[in-house]
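Please open the structure in your viewer and keep the selection panel at hand. The tour below goes from one selection to the next and says what is found at each stop.

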Amino acid sequence: MDQQTKPLVSVRNCRQAYHKEASADLVVLDDVDLTLQEGEIVALLGRSGSGKSTLLRIVAGLLKPTSGDVCWRGEPLKGPAPGVAMVFQSFALFPWLTVQENVELGLEALGVKKDDREERSEEAIDLIGLGGYDGAYPKELSGGMRQRVGLARALVVHPDLLLMDEPFSALDVLTAETLRTDLIDLWMDGKLPVKSILIVTHNIEEAVLMADRILVFSSNPGRVAHELKVPFAHPRNRFDPAFREMVDDIYGIMTRRKVPEIHTAAAAPNPFAHPLHPIGTNLMAGLLETLSSEPYGGRADLPALAAALQFEVDELLPLGETLSMLGFALLEEGDLQITATGRRFAEAETEDRKEIFAAALRAHVPLITEIRSVIDQRSNHRAAAMRFRDQLEDHMSPEYAEETLRTVIAWGRYAEIFEYDEEAQQFGLEEEDEEEHEA
Amino acid sequence: MTNYTPPALAGQRLPNRFDGAAMLLVMGLLIALVEVGRGTIATPIAQIQNTPIHLDPSWLPYYALRSTARMFLALFFSLLFTFSYATLAAKSRRAGMVLIPILDILQSVPILGFLTFTTVFFLHLFPGQVMGAELASVFVIFTSQAWNMAFSFYQSLTTLPADLQEASRSFRLSPWQRFWKLDVPFAMPGLVWNTMLSMSGGWFFVVASEAVTVGNTQFTLPGIGSYVAVALAQKNLHAVIYAILAMLVVILLYDQLIFRPLVAWSGKFRFETTAAISGPEPWMLKLLRRTALFRAIGEAISEIFGTVFRLRLSLRQPGQVDETSEPSRLVDGVWFVLIAAMAIYAGWQIVEYVSATLHWHDLFTALLMGLYTAIRVTVLMIIAAAIWVPVGVWIGLRPKATRIAQPIAQFLAAFPANLLFPPVVLAIVYFHVSPDIWLTPLMLIGTQWYLLFNVIAGAAAFPGDMKEAVANFHIHGFLWWRKVMIPGILPYFITGALTASGGAWNASIVAEVASWGNANLAAHGLGAYIAGATAAGDTPRVVLGVVVMSCFVMFFNRILWRPLYAYATRRTTLG
């Protein structure tokens with residue numbers, strides 16, 4: 001390695017896992033390496049739950065990894081380093097402080113004197129285009145202006161490394177674009193008082209637009225699946241064919257099927273092992289209808305579909321995966337292809353749709369079948385949700401377990417496979433079903 | 001109008017083993033307090049310089065000032081307590097396990113029952129000095145204010161937004177800086193609101209704690225409460241009326257000069273992303289904000305505070321959070337054993353203390369008396385609900401009426417109800433009617449307003465589109481109440497009902513017994529039981545009465561109000 005350029009940050013063999021009582025540890029990040037040099041913008045790209053935000057927090061010194069080494073300028077990192085500043089997805093502005101007071105926050109913590117503080121905050125506020133808003137409170141500002149405050153607050157401490165956690169995902173498309181362009185312009189002109197930027201995003205185009213290097217994360221556990229260099233010069237053109245091709249390639253990487261892990265023996269699939277995406281039945285029906293009609297005619301390119309429907313990749317991929325799990329569509333190499341069952345569902349009336357959906361659930365979601373069979377075995381045809389939640393939690397985090405249970409309840413209700421009583425937190429059967437049973 | 005969940009309702013905390021330990025610890029502490037106090041009752045107390053109380057109304061402004069000063073001193077101590085106790089409970093998992101159940105139980109202890117002993121305790125600390133009596137009075141007011149403020153602050157600390165916590169860590173604020181930049185501002189709206197409720201409740205205790213009789217010695221601290229006590233003893237009805245008028249003026253000033261500006265100002269700290277449409281700025285706040293002189297003073301003060309709050313006061317650099325490490329089981333184990341040992345010791349002390357003088361039938365008597373008071377409170381609440389729900393809904397649905405009535409209801413809630421007792425007592429003596437029935441309404445005189453202003457707030461917050469939908473479907477009469485309005489205001493109603501009934505229990509200690517000159521009236525009930533035991537210096541029965549009352553209050557909170565509130569918020573809110 002080059003001797004004269006010491007990396008800003010180096011992360012080696014980083015692993016983050018949460019201890020579980022019942023079964024194996026819940027691994028969020030596994031065997032991750034990352035090196036950041038001065039003068040580069042690096043994007044961490046991945047779906048939610050891929051651990052990219054966790055990695056960002058580890059680099060920020062906020063979180064201690066379970067194992068692995070994190071070095072800041074060659075020294076082991078022990079806490080939030082002075083040369084690192086962060087921009088948050090939710091802006092994280094203090095609503096009771098004015099724009100100027102928010103920007104001065106980091107300087108106050110450093111113990112900078114009042115005159116100096118005012119001068120530097122003024123400078124950062126002007127640089128980021130907030131001049132005139134000094135005395136305003138965050139709640140008086142639009143989302144775009146708020147994130148500018150977040151940026152100014154980070155830049156005012158003149159950090160060597162700027163960390164950005166999905167900084168533009170809470171903004172509308174046009175506002176986000178303006179902020180991105182402004183930031184890149186400042187970066188290219190050398191006006192940003194930072195040496196390097198690490199940005200977390202789930203937006204493929206954003207990554208290709210801004211970064212010099214992209215690390216694509218895979219989920220469960222979070223690993224760096226791919227590393228790509230972006231060869232284009234700034235300012236980049238979204239409609240350049242090479243740019244489009246790179247976006248398409250990354251879509252392909254992100255939808256590529258994981259090689260299924262080899263299970264011991266040919267045991268029956270565990271109904272509690274797989275989390276479900278919380279996708280509503282209306283959304284599924286809507287996408288199937290869109291897919292089966294013109295201009296798609298049954299097959300769609302994901303980037304194009306995402307653009308047409310104004311979906312983020314983070315929203316579209318779980319939807320596509322759920323359809324493919326239920327056998328309504330196939331997901332391959334960045335394309336979504338409707339199946340015969342999917343087409344039948346799209347063309348059916350309400351009652352028929354429910355039947356098709358119920359059949360798909362019975363065939364492909366063992367959890368639904370398991371719940372129904374437990375209800376059927378009980379003499380009173382009732383079963384507490386608690387036991388299923390506990391079993392799910394043996395295999396996934398409590399949040400995922402809750403989400404999966406909610407999803408199963410919504411799907412089962414739609415397909416009229418069972419009923420759910422929220423007050424009692426119990427599954428049950430519809431009255432007619434119950435009578436059938438008695439007979 | 002803002003509506004905050006009262007501490008007794010909030011939290012999904014299920015009763016656990018720490019509640020039992022906390023109960024024992026609190027009771028043990030109270031008995032220790034009583035023991036120290038009783039030990040000194042026997043010994044002759046050095047003469048306290050009793051300033052004579054003048055019934056001449058020209059003295060009233062001075063007395064009012066003295067009472068108010070006590071109130072604010074107590075408030076200062078309550079804030080200190082809040083900032084330290086709640087912070088410790090929120091930041092340390094192990095401390096929180098014990099501190100929060102203790103706070104929960106302290107909330108339901110009727111501190112009025114201990115008035116005599118706390119007074120003696122403080123007199124013992126400062127023998128022969130007025131200081132002791134003053135501090136005793138301040139302490140009683142403190143105990144009426146501190147618990148719900150601490151609870152509110154604790155709740156805010158446990159619901160701090162994660163991104164703001166991360167931001168303060170990543171910008172490396174020291175704990176001291178973070179406390180003033182994040183913790184306190186975030187808790188401000190709830191804290192201000194609870195402080196105001198505490199202050200309102202506090203006037204009651206100011207009046208009750210100024211004139212206390214211990215054995216043969218009577219203290220009268222200069223103040224409105226003493227003024228009324230002397231007036232009652234001298235059967236001077238005019239003086240009683242003067243005192244009521246003076247109190248009205250004090251409350252009005254406090255309402256206009258402090259309450260309203262402070263609540264409006266705390267709106268700035270509300271954690272929301274959109275600018276809310278705020279009501280008209282109170283005139284006092286306008287004066288403070290727009291007048292050059294006041295502005296200059298305000299800026300100078302905030303400059304000084306700002307400098308103090310900016311100090312780091314910490315040598316340690318912030319470290320990383322280690323989410324994957326488990327808390328040490330060994331330390332946990334030692335901690336549990338320690339708590340258990342203390343609880344067992346307290347339990348042993350309680351048994352020893354109580355078994356020396358009390359028998360099982362005493363417990364039975366206390367429970368029976370508690371039942372009487374419980375029946376009183378229940379009947380009163382039903383009557384109050386039957387009156388105030390329709391009135392409150394009528395007002396709340398009319399914005400104009402709300403603007404007029406809401407401040408009046410809040411104002412009345414602050415008025416110390418015990419000043420209104422004498423006229424009622426006089427009427428009972430005059431007409432020779434049963435005190436068992438006619439003393440009862442006194443318990444709710446002061447606290448019924450909480451019911452009213454919460455119902456008004458609930459009706460006023462009823463969504464406009466729902467009102468239109470209801471009109472569109474021609475829903476009227478009984479159906480309207482059953483399906484629309486009652487579910488619509490239920491969480492607000494329960495909030496008000498809990499505050500009102502809790503206050504009624506506490507008030508029973510002064511409301512079930514009353515006197516006018518030599519005529520003493522007493523109703524059957526736990527309040528009268530405690531008051532009687534206190535007057536007789538029968539400390540074990542005071543303790544028994546207080547414990548039984550705490551249990552009744554907690555029982556009602558846990559069995560009735562908390563599940564009801566959880567149900568109401570779950571079922572009557574969308575999402």
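Two strands are taken to pair if DSSP finds at least two bridges between them, and the elements themselves are DSSP runs numbered from the N terminus, helices being H or I runs of at least four residues and strands E runs of at least two. This is a predicted model, in which local features need pLDDT of at least 70 and side-chain atom pairs count only at pLDDT 80 or more, while totals for chains, interfaces and linings use all residues. Residues are numbered from 1 along each chain as its sequence is written, with chains lettered from A and ligands numbered from 1 in the order in which they are written.

Begin with residues 84–87 and 161–165 of chain A, that is, strand 6 and strand 7, which pair in the parallel sense over four bridges. Within this pair, Val87(A) stands opposite Met164(A).

Now widen the selection to the open sheet of six strands in chain A, whose order is 6-7-8-3-9-10 and whose pairing is mixed. Strand 6 and strand 10 (223–229) of chain A each have a single partner strand and stand at the edges, so one side of each is left without a neighbour in the sheet. From one strand to the next the twist averages 20 degrees, where axes are lines fitted to C-alpha atoms (for helices over the stretch in contact) and angles run from 0 to 180 degrees between N-to-C directions.

Add helix 1 (residues 52–59) of chain A, which lies across strands 3, 7, 8 and 9 of chain A and runs at about 150 degrees to strand 8 of chain A. Contact here means that the C-beta atoms of two residues, placed from the backbone, lie within 7 Å.

Next, select strands 14, 16 and 15 of chain A, which form an open antiparallel sheet in that order. Strand 15 is joined to strand 16 (residues 426–428) of chain A by three bridges, and Glu419(A) stands opposite Gly428(A).

Then display both chains and look where they meet: 27 residues of chain A are in contact with 30 residues of chain B. On the chain A side, helix 2 (99–110) is one of the elements that supply at least two residues, and its four residues are the largest share.

Finish in chain B with helix 2 (residues 60–91) and helix 5 (residues 130–158), whose axes come within 7 Å and cross at roughly 35 degrees.
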